[in-house]
Amino acid sequence: MAEDKIKTNEPQKGIEGSILQWAPQAWAHLELVRSKSPLIQCITNFVSMDFMANTLLSAGASPAMIHSVDEIPEFTPKALGVCINMGTLTPDWLPGMKLAAEVANQCKKPWVLDPVAAGGTSFRLKACLEMMDLRPSVVRGNGSEILALFKGSVDSNSKGVDSVYGSGDAVEAAKSLAQQSGSVVAVSGAVDFITDGDRVVCVHNGVPMLQKITASGCSVTALIAAFVAVDPSNAVEATASALAIFGVASEIGMDMARGPASLRTSLIDSLYGLDKATALGRVRISCL
Amino acid sequence: MAEDKIKTNEPQKGIEGSILQWAPQAWAHLELVRSKSPLIQCITNFVSMDFMANTLLSAGASPAMIHSVDEIPEFTPKALGVCINMGTLTPDWLPGMKLAAEVANQCKKPWVLDPVAAGGTSFRLKACLEMMDLRPSVVRGNGSEILALFKGSVDSNSKGVDSVYGSGDAVEAAKSLAQQSGSVVAVSGAVDFITDGDRVVCVHNGVPMLQKITASGCSVTALIAAFVAVDPSNAVEATASALAIFGVASEIGMDMARGPASLRTSLIDSLYGLDKATALGRVRISCL
Amino acid sequence: MAEDKIKTNEPQKGIEGSILQWAPQAWAHLELVRSKSPLIQCITNFVSMDFMANTLLSAGASPAMIHSVDEIPEFTPKALGVCINMGTLTPDWLPGMKLAAEVANQCKKPWVLDPVAAGGTSFRLKACLEMMDLRPSVVRGNGSEILALFKGSVDSNSKGVDSVYGSGDAVEAAKSLAQQSGSVVAVSGAVDFITDGDRVVCVHNGVPMLQKITASGCSVTALIAAFVAVDPSNAVEATASALAIFGVASEIGMDMARGPASLRTSLIDSLYGLDKATALGRVRISCL
């Protein structure tokens, strides 16, 4: 899957012929996150909480892991964006997830859905589809997850949280899902695809070893929430920026890494220290 | 906030004119933790569990993450100290928190409260105030959290878990809160302040990048529990020692760090390997 | 305890006089995990989830942290092995643990039990014994935990999750427990002992600093689940292989470590990158 990753210096073909707009835009989004330090509420699985909070902090955002229905009506309106992740799901967490999505909608704040292992079981799939009905601003999953949401059926080939499909296998499903749902849909993989049902934007950053770090997908979804929170009217662009910046951080981190654990460390360090020249030189976004 | 951090080699003015007592005392506390390996029960949020347990282990303490009401009456009496942290709170965790505090009180064991995001919501504030009623030996928070406890009101400026006030803004509130509650109150920030309502002790160790590591505050609160557990009759001094030692470990770690994630790693490594000469040379504690 | 660790190049005495079979077998098990990428369902404590998932990923397995009774009947049959860990236990987690064990048994899939702090409280002990009644393929604990399971009584000397007995103190108890339960019993410590009640196999790999990394025991239990999943009819051998490979990874990691936190990072990196020559040269397994 990783082989189709583009790492050359070919000029990028941007939207409407513009070659150079995407990298400055990604950098501008990161600068906005650093300067506004958006409060991002995360309702996420137990595995990812630590890595996700550190990802947001290193990008300049302010994470708050708050999932109780007793706090959401009062707290969610203060957040600039919400990230809801379906991992380690039990029925008692669902009311808080739904309430946070509803409050975010009422407050016109963006919220982002990570449908972890959506096709793994009927219970999980039903919960994810109920969340889709609440119209997330963005939904980000791997190929298997997006296909499960699109088909609305449990994946008999499911291998839990790991995708058995490449991101490219799910592009058409992502487009249809975006059209049906009104959400921006992002499929991550060797190439990440982001679509509003009409346009399809591709992000070519990242390294294959990300698949060997638990919760790297969860963490980038939270980063999407932060980027969309500071530019809510351009959710496609902000999502592409977040995926590209996270990918660039992993590429730089890879130079210092000796394996998945040191990559996780150097990725966070690189995200924290990322400078303009590096971002502009490395971001690889194009249109399909 | 970080600019007012004192990092010079000026002689420290200790209590009652003694310049040199604090650093040896901090080292003595760490040596006690290493030799006694106190069992510290932690009831803490999901984000912090891993980092907190590793912080305690690296300092020489023995952490036990046990929060069930089914175990507390039998287990808490075996612990030498208890750390209770209000992050990722839901109502079902409160009975265990209260029971552990009560059992610790009955057994005359110190317990330490971390009122995470106390002013974030009414639910959180009420829970934190109920815990304060159980008279923790020490309560440690950032400026916003201590001000919320003192005022007993939700903070309309709240940014979740991150403080919008400097520690210096909360010194008077900390003194009053200590007088009212009978607890030692510690406000952490660029300078940490520890007070019993009468004396105010200042710790000048630490690095600004700690704010970019999730659960660093939670972890230092657990370290306070370990230090107070081995010297329960000197809670002000033990609290100052814990904050200084954690700060020194972060300063040493900073020399090896390339960002927040490697700092977290090197902080734990440094805490584990800290030697007497380094501790004596770096601990910066003074009185207000 | 660490002093009795054997680190020489003495020839190993394998079963039935074979000196050289164990190291190639351990490598073969790791290669099987890497090639089959077994889906391992983990029901584990909050502290360990991140480290455990990363341990499995770095070994080539596919972890899935799924604990809801709503998903187990549908999901557990897809897994190749199950790891059940009793840390941070509350009563609401027990039905899922029992159901997963029962479904694994029905599907003839191996499941592995980690009886964290079994002797810590009556509640914990009862829960662990109930899990033992469901006949795990393998149970792995430290000396204190295995002794508590064998005696069926709370340990009045218990220090929470840390063992107060060496692994050697629990060998006879482990043998008896294996005979009574039909499970393979592994006692980890300076030397790890694995027994089916008849044979006793010893693993001499590992470093003392593992005791300073929280959830290192939990993580190696998950690794055992992955190794037994790819060779279920040889649970003693697969368990010894997993303990040896994890120990070798810690030994290599130790060369790069400056303390417990960097050891955790380098251990995962080393497990990911472990090659045949290193494994064959370092694995130290013998029979009692």
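How much area do chain B and chain C bury between them, and what share of it is on carbon and sulfur atoms? The figure is about 2,500 Å², with 57% on carbon and sulfur atoms. The model open in the viewer is a predicted one, and this tour begins at that interface.

**Stop 1: chain B against chain C**

Show chains B and C and hide the rest. The contact involves 28 residues of chain B and 31 residues of chain C. On the chain B side, select B:Leu57, B:Glu71 and B:Asp269: these lose the most area to chain C, together 21% of what that side buries.

Keep B:Glu71 selected and add C:Arg124. The two form a salt bridge, and their closest N and O atoms are 2.9 Å apart. Side chains of opposite charge can pair when their charged atoms come close. Two salt bridges are found across the interface of chain B and chain C. Polar contacts are found there as well, in eight residue pairs with both residues at pLDDT 80 or more.

Now colour chain B by element. The side that touches chain C takes two or more residues from each of α2 (49-59), β2 (62-65), α3 (72-75) and α10 (260-273) of chain B. Which of these gives the largest share? Select α2(B), which supplies six residues. Sorted by class, this side of chain B has 13 nonpolar, eight polar and seven charged residues.

**Stop 2: chain A against chain B**

Bring chain A back and hide chain C. Here 28 residues come from chain A and 31 residues from chain B. Chain A and chain B bury about 2,500 Å² between them, and 58% of that is on carbon and sulfur atoms.

How many salt bridges are there between chain A and chain B? The count is two. To see a salt bridge between these chains, select B:Arg264 and A:Asp50, whose side chains meet at 2.7 Å, N to O. The count of residue pairs in polar contact between chain A and chain B is eight, with both residues at pLDDT 80 or more.

On chain A, select α2, β2 (62-65), α3 (72-75) and α10, the elements that give two or more residues to the side touching chain B. The largest share, six residues, is from α2(A). This side of chain A is made up of 13 nonpolar, eight polar and seven charged residues.

**Stop 3: a salt bridge within chain C**

Show chain C alone and select C:Asp50 and C:Arg264. They form a salt bridge, with the closest N and O atoms 3.2 Å apart. Where do the two residues sit in the chain? C:Asp50 is in helix α2 of chain C and C:Arg264 is in helix α10, 214 residues apart, and the pair links distant parts of the chain. Over all chains the structure holds 30 salt bridges.

**Stop 4: the largest cavity**

Show chains A, B and C together and turn on cavities, if the viewer can draw them. There are seven cavities of 30 Å³ or more, and the largest has about 460 Å³ of space. Its lining has 28 residues, and the closest to the centre are A:Arg264, A:Thr265, B:Arg264, B:Thr265 and C:Arg264. Two of these names have appeared before: B:Arg264 in the salt bridge with A:Asp50, and C:Arg264 in the salt bridge with C:Asp50.

Which elements supply at least two residues each to this lining? Select α2 and α10 in chain A, in chain B and in chain C. By class, the lining has 15 nonpolar, six polar and seven charged residues.

Conventions. Residues numbered from 1 in each chain as written. Chains lettered and ligands numbered in written order. Predicted model: local features only at pLDDT ≥ 70, side-chain atom pairs only at ≥ 80, totals over all residues. Heavy atoms only, no water. Contact = heavy atoms within 4.5 Å. Buried area = accessible area lost by both parts, 1.4 Å probe. Salt bridge = Lys/Arg side-chain N within 4 Å of Asp/Glu carboxyl O. Polar contact = N/O pair within 3.5 Å; in protein donor to acceptor, adjacent residues only side chain to side chain. Helix = DSSP H or I, 4+ residues; strand = E, 2+ residues; numbered from the N terminus. Nonpolar A, V, L, I, M, F, W, Y, C, P; charged D, E, K, R; others polar. 1 Å grid on protein atoms, 1.4 Å probe; cavity = no way out; pocket = protein on both sides within 12 Å on 5 of 7 lines; lining within 4 Å. Points joined across faces, edges and corners; volume = space filled by probe spheres on them.
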